Amino acid sequence: MRRLWPGLYAAVAAVELAGVALDVPALQWAAKPLLAPLLLAWLLRVRRRWDLVAAGLVFATAGDVALLLPGTTAFLVGMGCFLGTQLCFLTAFLGHRRAPLAAFAGYLAVWAGANALLWERLGDLRLPVLGYSLALSLMAAASVGVSRRAAAGGALFLVSDALIGLGAAGAELPGRRLAVMVTYIAALVLLTTTWARREATERPTVPDRPSGPVGAMTEA
């Protein structure tokens, strides 16, 4: 599974990106609902137990499907599902290691500025976007405490959803939809793979317990 997974995931991601770039809904329906489940299967294979990041990937799967559907209701349902993703990731990351306060201050400043800029253009979506983007910003800040790779994943997740927010506000940029998916796919991969391996790379010192790879194997 570990050897086959990178190629399989890359193939599914390529189909999804092709579907977005060529505007072929059938390709998107075939590939997008598989992105988070493939990561979930890999995470459970490596970790061998259910946790909050796994639950977050379930919410992401539901959100991906909802966002394939047209209309404001589907958009709000998708946002609600991804709110579950952000809350699960946030809780997991905070339980691992607290990020510096500067990370939270910086992301909250970005959150306040972005919402101020888009406020007048979001209309009825203002409050849902305000709440969701707060959870997203806190998750991105908390990811800084996990590792640099996780921090990159958290930042890319925020960029991806910020591009979605621009679209919701009526600002259509060239290549925006493709950029949304590229950054989203990269974010999920970075966050999930880093979380799966975190115990092997970072472990608190505990008396009478082997550290490093041996210690990681005993709890895998």
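This passage describes the largest pocket, the charged side chains and the cysteines of a predicted model.

The largest pocket is a natural place to start. Its space comes to about 1200 Å³, and 45 residues line it. Nearest the centre of this pocket lie L67, F75, I164, G165 and R176. The lining draws on many parts of the chain: at least two residues come from each of helix 1 (4-22), helix 2, helix 3 (52-67), helix 4 (72-96), helix 5 (101-122), helix 6 (126-143), helix 7 (148-168) and helix 8 (176-201). Helix 7 makes the greatest contribution, with 10 residues.

R176, one of the residues nearest the centre of the pocket, also brings the charged side chains into view. Side chains of opposite charge can pair when their charged atoms come close. Across the whole structure, three salt bridges are found. In one of them, R176 pairs with E172, with an N to O distance of 3.1 Å. The two partners sit in contrasting surroundings: R176 is buried, at a relative accessible area of 12%, whereas E172 is exposed, at 52%.

A second salt bridge joins R47 and D51, at 3.8 Å from N to O. Here R47 is buried, with a relative accessibility of 4%, and D51 is likewise buried, at 14%. R47 is also the residue that closes helix 2 (residues 25-47). The remaining pair is R126 with E120, whose closest N and O atoms are 3.6 Å apart. In this pair R126 is partly exposed, at 25% relative accessibility, while E120 is exposed, at 64%.

K32 offers a helpful counterpoint. This lysine is located in helix 2 (residues 25-47) and is buried, yet no salt bridge involves it. The nearest side chain of opposite charge belongs to D64, 4.2 Å away; K32 and D64 therefore do not count as a salt bridge, for which the nitrogen and the carboxyl oxygen must be within 4 Å. D64 is nonetheless in contact with K32. Beyond the neighbours within four places in sequence, the other contacts of K32 are E16, L67, L68 and M181. Among these, L67 is also one of the residues nearest the centre of the largest pocket.

The cysteines complete the picture. C81 is buried, with a relative accessible area of 14%, and C88 is buried too, at 10%. The structure holds zero disulfides, so no pair of cysteine sulfur atoms in the model lies within 2.5 Å.

Key: Residues are numbered from 1 along each chain as its sequence is written. This is a predicted model: local features need pLDDT of at least 70, side-chain atom pairs count only at pLDDT 80 or more; totals for chains, interfaces and linings use all residues. Side-chain values use heavy atoms; hydrogens and water are left out. Buried means under 20% relative accessible area, exposed over 50%, partly exposed in between (1.4 Å probe, protein chains only). Helices (H or I, at least four residues) and strands (E, at least two) are DSSP runs, numbered from the N terminus. Lys and Arg count as positive and Asp and Glu as negative; His and the chain ends are not counted. Contact means heavy atoms within 4.5 Å. On a 1 Å grid over the protein atoms alone, a cavity is a set of points where a 1.4 Å probe fits but cannot get out, and a pocket is an open set with protein on both sides within 12 Å along at least five of seven lines; lining residues have an atom within 4 Å of a point. Grid points are joined across faces, edges and corners, and a volume is the space filled by probe spheres set on the points.
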